[in-house]
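Please open the model in a viewer and keep the selection panel at hand. The tour goes from an enclosed space to a helix, then to a single residue and an open pocket.

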Amino acid sequence: QDTAGVIPSTKAVNWLTGQQCDNGAFAPYRADTGKPCDAKTMVDTNSTAAAVQALWAVGGHGDVVEDALGWLKSVQNKDGGWGYTPGGPSDANSTSVVIGALTATGTEPEAVTKDGKSPYDALLTFALPCSQSEGAGAFAFQPDKDGKLLANDDATAAGVLGALGKGLVAEPGKAAGGDAGCAGADKPTREQAAANGAAHLARAVAK
């Protein structure tokens, strides 16, 4: 609504802020939203990062946003990324949506580190190398049980935005003027990884 120029209902915004748990996180669903969160409430990084971006966009909820960002930082994995739930292995989608929350609020993702690793470090580990025969340049959701990266279009769409430091709302980019191929060999910069992923998606749409 905010993106389309529609002022969200105050009641809706207040409902959203009322869903924040005491630890700062948000849950995707609660059977009884009138009761506070408890130890059994399943919270996740995606819902929390989405709430951060929405509440920051409408303004006036800095305390809620800061608590949510604090929780997100507290559950960052040692590889610099995030999984869907606290303690879960990092994945491209979750890491990207948290990057979006950080940049939306003026927080530089490169400065949010765990064991010296930033979210961008984690995200690039999901980028398929240019030498891979299938899906070169795409992003994987996570490595499979054998450690292999498999192209995933949903993860690629998220990874492109994340690699560019964009949130859930992003302005269209300029057309590249053709497929330049996979760039950056097997260690692309995040800008190259984003371009590679976008090219992969363009080929998928063309088919």
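The largest cavity in this predicted model has a volume of about 40 Å³. A search of the whole structure finds one cavity of 30 Å³ or more. To display its surroundings, select A127, L128, P129, C130, G137, C182, A185, D186, P188, A193 and N196, which line the largest cavity. Colouring this selection by class gives eight nonpolar, two polar and one charged residues.

Two of these lining residues, A193 and N196, lead to the next stop, as both are listed among the buried residues of α7. Select residues 190–206 to show helix α7, which has 17 residues. From its first C-alpha to its last, α7 reaches 24 Å, close to the 24 Å expected at 1.5 Å a residue.

Which residues of α7 are buried? Highlight A193, A194, N196, G197, A199 and H200 on α7. An α-helix has 3.6 residues a turn, so residues three or four places apart point the same way. Next, add α5 (119–124) and α6 (153–163) to the view; the cover over the buried residues of α7 includes both of these helices.

Now move to helix α4, residues 92–104, and centre the view on V98, which lies in this helix. Is V98 buried or exposed? V98 counts as buried because its relative accessibility is 0%. Select T45, A49, L72 and W82 to show what V98 touches, leaving aside residues up to four places away in sequence. Then draw a C-alpha to C-alpha distance from V98 to G162: the two are 8.4 Å apart in space, although 64 residues separate them in sequence.

The last stop is the second largest pocket, which holds about 400 Å³ of space. Three elements give two or more residues to its lining: α1 (10–17), α2 (45–58) and α4. Of the elements, which gives the most to this lining? Select α2, which gives the most, with seven residues.

To find the middle of the second largest pocket, select D2, Q53, A54, A57 and V169, which lie nearest its centre among the 22 lining residues. With the full lining selected, a colouring by class shows 13 nonpolar, seven polar and two charged residues.

For a final view, show both spaces together: the largest cavity, of about 40 Å³, and the second largest pocket, of about 400 Å³.

Methods:
Residues numbered from 1 in each chain as written. Predicted model: local features only at pLDDT ≥ 70, side-chain atom pairs only at ≥ 80, totals over all residues. Heavy atoms only, no water. 1 Å grid on protein atoms, 1.4 Å probe; cavity = no way out; pocket = protein on both sides within 12 Å on 5 of 7 lines; lining within 4 Å. Points joined across faces, edges and corners; volume = space filled by probe spheres on them. Nonpolar A, V, L, I, M, F, W, Y, C, P; charged D, E, K, R; others polar. Helix = DSSP H or I, 4+ residues; strand = E, 2+ residues; numbered from the N terminus. Expected span 1.5 Å × (residues − 1). Buried < 20%, exposed > 50% of the residue type's maximum accessible area, 1.4 Å probe, protein only. Contact = heavy atoms within 4.5 Å.
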